[in-house]
Amino acid sequence: MPSQCKQCNKCFSRAERLRRHERVHTGEKPYECKHCGKCFGHAESLKRHERVHTGEKPYKCEHCGNRFGRAGNLRTHERVHTGEKPYECTQCGKCFSHAESLRRHERVHTGEKPYECKQCDKCFSRAESLRIHERVHTGEKPYECKQCDKCFRHARTLRRHKRVHTGEKPYGCKQCGKRFCRAGTLRTHERVHTGERPYECKQCGKCFSQAGHLSKHKKAHTREKPCKSTQTTMWKGF
C-alpha cells in the first residue's frame with residue numbers, strides 16, 4: 001500500500017522510502033562522517049562523501065582509464081570521448097558538455113557579471129577572470145620563465161614570451177609565407193597585402209595600417225609652427 005508524505009503529498013511504494021524522504025522536510029541528518037563530522041540525510045550520501053577522505057575512486061572510464069569517486073562525474077567525463085553536448089543555449093543554439101559551462105556562456109547574452117573586485121569594483125562574468133585581474137592589485141606573477149627568470153601574471157603571456165628563447169613562430173602569412181611569433185603581429189602584417197588601414201587621423205582624415213604610424217603622424221599636427229604675423233614683422237625690420 002503506497003505511503004504518502006504529509007508535507008508535500010508525494011507518494012512512495014515503501015514506508016522506508018517515505019521515512020528517508022521526510023528528512024528533506026525535517027532536516028534530520030543521522031549519518032555522520034567519522035573523519036570530519038559532516039552529517040548527511042542518507043547513508044548513500046555519506047558513503048560518497050567518505051571517498052573524499054579515503055581517495056577511493058570506484059568508477060573507471062573505459063576509454064582512458066581515468067577514475068572517479070562519483071558515477072555522475074564519470075558520466076560527465078565520458079562526454080570528452082563521445083563528444084556529447086546535451087546543454088544548449090536557447091539564445092544562440094551553442095551546445096556544451098557541462099551545465100556549468102552553459103551557465104557561464106549565458107552571461108555573454110545577459111551581461112551578468114557576478115564576480116566583483118573588492119579593490120576597484122570592476123566586475124567579471126567568470127571567477128577565474130576575477131582571480132587573474134586581482135593580480136593587478138597584488139602584483140602576483142605566478143608564471144616564471146625557466147630560461148631568464150622573468151615572471152608574468154598570465155600563462156598565455158608566458159607562452160608568448162618563451163618564443164623569444166625557442167624562436168618558434170607558429171603564425172604564418174598565407175599570402176607570402178612569412179612567419180610570426182604573435183597572432184597580433186600577423187594580423188598587422190596582413191594589411192600589407194589587403195591594403196587595410198583602420199587607424200584614421202581625426203585632424204586630416206589620413207589613414208594608417210598601424211597604430212604606431214598614426215601616433216607619429218599626429219605629432220605633425222601638434223608640432224609648433226611659427227606665426228605668420230611674427231614672420232612678417234621680422235622681415236619688415238630689415
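## A buried arginine and its salt bridge

In this predicted model, Arg 135 counts as buried, because its relative accessibility is 10%, which falls under the 20% cut-off. The side chain of Arg 135 meets that of Glu 140 in a salt bridge, with a distance of 4.0 Å from N to O. The partner, Glu 140, has a relative accessibility of 41% and therefore counts as partly exposed, and this salt bridge joins a buried residue to a partly exposed one.

Arg 135 is also one of the residues touched by Tyr 143, once residues up to four places away in sequence are left out. Tyr 143 is placed in strand E11, which covers residues 143-144, and with a relative accessibility of 28% Tyr 143 counts as partly exposed. The other residues that Tyr 143 touches, under the same exclusion, are Lys 150, Cys 151, Phe 152, Arg 153, His 154, Ala 155 and Leu 158. Along the chain, Tyr 143 and Thr 157 are 14 residues apart, while their C-alpha atoms are separated by 8.7 Å.

## Other salt bridges

The count of salt bridges in the model comes to ten. Another of them links Arg 163 with Glu 168, where the closest N and O atoms are 4.0 Å apart. Here too the arginine is buried, since Arg 163 has a relative accessibility of 14%, whereas Glu 168, at 43%, counts as partly exposed.

A further salt bridge is formed between the side chains of Glu 16 and Arg 19, at 2.6 Å from N to O. Both residues lie in helix H1 and are three residues apart, which is about one turn of the helix. In general, an α-helix has 3.6 residues a turn, so residues three or four places apart point the same way. Glu 16 counts as partly exposed because its relative accessibility is 32%, and Arg 19 is likewise partly exposed, with a relative accessible area of 46%.

## Helix H1

Helix H1 runs over residues 15-26, and its twelve residues should span 16 Å at 1.5 Å a residue; the C-alpha atoms at its ends are 16 Å apart, so the model agrees with the expected value. Within H1, the residues Leu 18, His 21 and Arg 23 are buried. The elements that cover these buried residues include strand E1 (3-4), strand E2 (11-12) and strand E3 (31-32).

After H1 comes Gly 27, which has a positive phi near 80 degrees. A positive phi is also found at Asn 9, where the value is about 70 degrees although the residue is not a glycine, and Asn 9 lies in the loop between E1 and E2. Asp 121, again not a glycine, has a positive phi of about 70 degrees, and its place is in the loop between strand E9 (115-116) and strand E10 (123-124).

## Helix H2 and His 53

Helix H2 has twelve residues and reaches 16 Å from its first C-alpha to its last, close to the 16 Å expected at 1.5 Å a residue. Its buried residues are Ser 45, Leu 46, His 49 and Arg 51, and what covers them includes E3, strand E4 (39-40) and strand E5 (59-60). The helix is followed by Gly 55, whose phi is positive and near 80 degrees.

His 53 lies in H2, which covers residues 43-54, and counts as partly exposed because its relative accessibility is 36%. The side chain of His 53 is joined to that of His 49 by a polar contact of 3.3 Å. When residues up to four places away in sequence are not counted, His 53 touches Cys 33, His 35 and Cys 36. Of this group, Cys 33 is 20 residues from His 53 in sequence, and the two C-alpha atoms are 9.7 Å apart.

## Helix H9 and His 217

His 217 is found in helix H9, residues 211-222. At 15% relative accessibility, His 217 counts as buried, because the value is under 20%. Leaving aside neighbours within four places in sequence, His 217 is in contact with Cys 201, Cys 204, Lys 206 and Phe 208.

## How far to trust the model

The mean pLDDT of the protein is 89, and 93% of its residues reach 70 or more. Over residues 226-238, however, the pLDDT is below 50, and beyond near neighbours in sequence this stretch has one contact in the model. Where pLDDT is low, the predicted coordinates should not be read in detail.

Key:
Residues numbered from 1 in each chain as written. Heavy atoms only, no water. Helix = DSSP H or I, 4+ residues; strand = E, 2+ residues; numbered from the N terminus. Buried < 20%, exposed > 50% of the residue type's maximum accessible area, 1.4 Å probe, protein only. Contact = heavy atoms within 4.5 Å. Polar contact = N/O pair within 3.5 Å; in protein donor to acceptor, adjacent residues only side chain to side chain. Expected span 1.5 Å × (residues − 1). pLDDT = per-residue confidence, 0-100.
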